[in-house]
Amino acid sequence: MRLPLFFLLPCLLAAQDATAPPATYEGRTIAQTMHWQGAGWLIRHKREREEAATRMREELRLKPGMAVCDLGSGNGYHTLPMAEEVGAEGKVYAIDIQPEMLDLLRQRADGRNLENIECIVSTPLDPKIPAGSCDLILLVDVYHEFSHPVEMLAGIRKALKPDGTVVLVEYRAEDESVPIKPEHKMSKAQITRELNLNGFKLVREFDGLPWQHMMFFGRAEP
Ligand SMILES: C[S@@+](CC[C@H](N)C(=O)[O-])C[C@H]1O[C@@H](n2cnc3c(N)ncnc32)[C@H](O)[C@@H]1O
């Protein structure tokens, strides 16, 4: 299948050394990190229609006062509306390994009177979310890029409140018509296997998005 250039561009602008051999986890090739110079793609006009982004966020069922995290926030496409939904009594941790992404997020937030966003630069081994802090942690188009999924999932698990939820939104690997490179897609079976191996259980799914899986996981008891 031929892919349009604008789908490939962010992948081509990868943040890591493109000559390094690809890493794998549980038989899956880990994708390269999308470089911050491709961040314009994340706020393209067509994204709302292509991904039904508002509908996706409705499924998060955010309420005023909640503490949530947009992990791998990029330039804040989802962070800003999430901050409006949880309101002044709530909190959004916007976390990314690329400080430039968070600079772009701050520029986009400027003038919107959103005092409830805390930007944190993380590392590939540690999401740096405060322990026990979050009702919900959202990862949109991010998990498949984690170079160290085991360590990241351990950090996410620690950061959730006991009844907290982590939500993975990933392009569907089972669907050839989704115009995204294979290593930037994931199947439901692969997502479930990797999360189960790291102390999570599937608690809910939403199958109504045009291109993506949306899967909700809670902490499994050890
Ligand atoms: C494809 S972008 C998606 C951005 C945003 N979630 C969105 O939907 O617009 C992936 C983002 O994940 C970040 N990322 C990759 N690995 C990460 C990690 N281990 N911890 C935090 N962020 C990470 C990248 O820097 C990049 O900003």
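**Entry 1, ligand shell.** I began with the surroundings of the ligand and found 23 residues around it, the closest being Leu42, Gly72, Gly74, Tyr77 and Val140. I note that the model is predicted. I then sorted the shell around the ligand by residue class: 13 are nonpolar, seven polar and three charged.

**Entry 2, helix H4.** I looked up which residues of helix H4 (residues 79-86) are buried, and obtained Thr79, Leu80, Met82, Ala83 and Val86. These residues lie on the same side of H4, because they cover an arc of only 160° around the axis. An α-helix has 3.6 residues a turn, so residues three or four places apart point the same way. Next I asked what the buried residues of H4 pack against. The partners are three strands and two helices by element: strand S3 (67-71), strand S4 (91-96) and strand S5 (117-121), together with helix H3 (53-59) and helix H5 (99-109). Just after H4, I recorded a positive phi of about 70° for Gly87.

**Entry 3, positive phi outside glycine.** Most residues other than glycine have a negative phi. I therefore list two residues that depart from this pattern. Glu26, not a glycine, has a positive phi of about 50°. I located Glu26 in the loop between strand S1 (24-25) and strand S2 (28-29). Asp141 also has a positive phi, near 60°, and sits in the loop between strand S6 (134-140) and helix H6 (149-159).

**Entry 4, burial of these two.** Is each buried or exposed? Glu26 counts as exposed because it has 10 C-beta neighbours inside 10 Å. Asp141 has 25 C-beta neighbours inside 10 Å and therefore counts as buried.

Key. Residues are numbered from 1 along each chain as its sequence is written. This is a predicted model: local features need pLDDT of at least 70, side-chain atom pairs count only at pLDDT 80 or more; totals for chains, interfaces and linings use all residues. A residue is buried if 20 or more other C-beta atoms lie within 10 Å of its own, exposed if 12 or fewer, and partly exposed in between; C-beta atoms are placed from the backbone. Helices (H or I, at least four residues) and strands (E, at least two) are DSSP runs, numbered from the N terminus. The arc is that of the directions from the helix axis to the C-beta atoms. Two residues are in contact if their C-beta atoms, placed from the backbone, lie within 7 Å. A residue is near a molecule or strand if its C-beta atom, placed from the backbone, lies within 6 Å of it. Ala, Val, Leu, Ile, Met, Phe, Trp, Tyr, Cys and Pro count as nonpolar, Asp, Glu, Lys and Arg as charged, and the others, Gly among them, as polar.
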